[in-house]
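Subject: Structure handover

Hi,

Here is the structure I promised to pass on. Please open it, then read the notes below.

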Amino acid sequence: MVYRKKGKLLIFSAPSGSGKTTIVRNLLEKDLDLEFSISACSRPARKNEQDGRDYYFFTQDDFIQKIKKGEFVEWEEVYKDHFYGTLRSEVERIRNKGKHVVFDIDVQGGLNLKKTFGEEALAIFVMPPSVEELEKRLKRRSTDDPEKIRVRILKAESELKYAELFDRIIYNTDLEKAVKEAEQMVLDFIRS
Ligand code: 5GP
């Protein structure tokens, strides 16, 4: 039997609007044997989102049942009544193919994953240029109403304090540079 090494874990965390999703998307297009871990959540799908592509969308009741059954490797009530989490089955599905798993999750979730997977995981924090810039990006994106944006900014401010707990920090002032830096970090880690 050919022994295939299990894939590693690449955790990208950052406050909403810091550009981590763009960085992650760019990485996934490269030939690095990476696959995106689709999270589960209990919020309704946005207009352009698809179940099984952007998230696995569950009702709150179903989500809570899955928590009780221990189906999540990590989960959180990120916003009131909106649960998000990483299914064990999703991580295994990707790792069993020998691919590396890429996570795009919030700061607390990222730290929880790092705690669980230790040396198998690289936890990267994407730092936005400033809170003002973050606010501008969230408004430009305009997928959320002003109250939701306010909540996201408050959360972002508290999340910035956790950056130092990550293995690496990427300062996202120049997107192109940030993508290159992320690629190098990932390459070094998966080759190590
Ligand atoms: P959104 O509603 O904008 O898609 O995501 C809201 C927040 O939930 C983001 O900060 C995102 O990173 C986080 N998130 C997405 N998936 C997960 C997950 O699996 N676990 C945790 N803890 N947070 C997640």
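How do the residues of the shell around the ligand divide into nonpolar, polar and charged? Five are nonpolar, four are polar and eight are charged. Keep in mind that this is a predicted model.

Start with the ligand. In this model, 17 residues surround the ligand. The closest are S39, R43, Y55, E74 and Y84.

Next, look at which elements build that shell. Three strands each give two or more residues to the shell: β5 (72–79), β6 (82–87) and β7 (100–105). The largest share comes from β5, with four residues.

Now zoom in on the polar contacts. Three of them involve oxygen atoms of the ligand:

- R46: an N or O atom of the R46 side chain is 3.1 Å from a ligand oxygen.
- D106: here a polar backbone atom is involved, and a ligand oxygen is 3.1 Å from that atom.
- R152: a polar side-chain atom of R152 lies 2.9 Å from a ligand oxygen.

How much of the ligand does the protein cover? On its own, the ligand has 520 Å² of accessible area, and the protein covers 95% of that.

Then step back to the pocket. The ligand takes up the space of the largest pocket. The volume of this pocket is about 1200 Å³.

How many residues line the largest pocket? The lining has 42 residues. Nearest the centre of the pocket are T21, R46, Y55, D104 and R141. Two of these names should be familiar: Y55 is also among the residues closest to the ligand, and the R46 side chain has an atom 3.1 Å from a ligand oxygen.

Which elements give two or more residues to the lining? They are α1 (20–28), β5, β6, β7, α5 (131–141) and α6 (146–159). Of the elements, α1 gives the largest share of the lining, six residues. In the shell around the ligand, by contrast, the largest share is from β5.

Last, the classes. The pocket lining has 12 nonpolar, 13 polar and 17 charged residues.

Find R46, D106 and R152 in the viewer, then trace the pocket outward from there.

Best wishes

Definitions and conventions. Residues are numbered from 1 along each chain as its sequence is written. This is a predicted model: local features need pLDDT of at least 70, side-chain atom pairs count only at pLDDT 80 or more; totals for chains, interfaces and linings use all residues. Side-chain values use heavy atoms; hydrogens and water are left out. A residue is near a molecule or strand if one of its heavy atoms lies within 4 Å of it. A polar contact is a pair of N or O atoms within 3.5 Å; within protein, one must be able to donate a hydrogen and the other to accept it, and residues adjacent in sequence count only if both atoms are side-chain atoms. Accessible areas come from the Shrake-Rupley method with a 1.4 Å probe; for residues, only the protein chains shown count as cover. On a 1 Å grid over the protein atoms alone, a cavity is a set of points where a 1.4 Å probe fits but cannot get out, and a pocket is an open set with protein on both sides within 12 Å along at least five of seven lines; lining residues have an atom within 4 Å of a point. A molecule sits in a cavity or pocket if more than half of its atoms lie within 2 Å of its grid points. Ala, Val, Leu, Ile, Met, Phe, Trp, Tyr, Cys and Pro count as nonpolar, Asp, Glu, Lys and Arg as charged, and the others, Gly among them, as polar. Grid points are joined across faces, edges and corners, and a volume is the space filled by probe spheres set on the points.
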